[in-house]
Amino acid sequence: MDVDPSLVSAAAGRLAALDLCPTALTVDVTGPLPGTYDRIVSMVSVPSIPPSCRAALRPGSRLVTTIRGTWIILTATRTPAGVFGRVERD
């Protein structure tokens, strides 16, 4: 996910060249997301995890994003008890 359509298109093209075809979306993650997903990789930094991303995670799925203005990479997993994350160092 990214807000720049040209970056999303370039990423989708590079992934397709590797025979990988994930859904690549141009979307503002602060609004509703179209569907639910096994993995969400946000290429934009966010100040906190948007509720739309938490809602779009399927059970057992993961989210990876960076927290704006920090070195923090956050990975989060949806479990039956909720969404739990951990900090990874860049």
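**Exercise 1. Find what share of the chain's contacts, between residues at least 6 apart in sequence, joins residues at least 24 apart.**

Start with the term: a contact means heavy atoms within 4.5 Å. Among contacts between residues at least 6 apart in sequence, 18% join residues at least 24 apart.

Before going on, please keep in mind that this is a predicted model, where local features need pLDDT of at least 70, side-chain atom pairs count only at pLDDT 80 or more, and totals for chains, interfaces and linings use all residues. Residues are numbered from 1 along each chain as its sequence is written, and side-chain values use heavy atoms, with hydrogens and water left out.

**Exercise 2. Work out which pattern the chain follows along the sequence.**

Helices (H or I, at least four residues) and strands (E, at least two) are DSSP runs, numbered from the N terminus. There are 2 helices and 4 strands. Read in order, they give α-β-α-β-β-β.

**Exercise 3. Trace how strands E2, E3 and E4 pair, counting two strands as paired if DSSP finds at least two bridges between them.**

Step one: E2 (residues 57-66) pairs with E3 (residues 72-79) in the antiparallel sense, over 5 bridges. Here Leu 63 faces Ala 76 of E3.

Step two: look at the turn. E2 and E3 form a hairpin with 5 residues between them, and Gly 69 in that turn has a positive phi of about 75°.

Step three: E3 also pairs with E4 (residues 82-89), again antiparallel, over 8 bridges. Ile 72 stands opposite Arg 89 in E4, and the E3–E4 hairpin has 2 residues between its strands.
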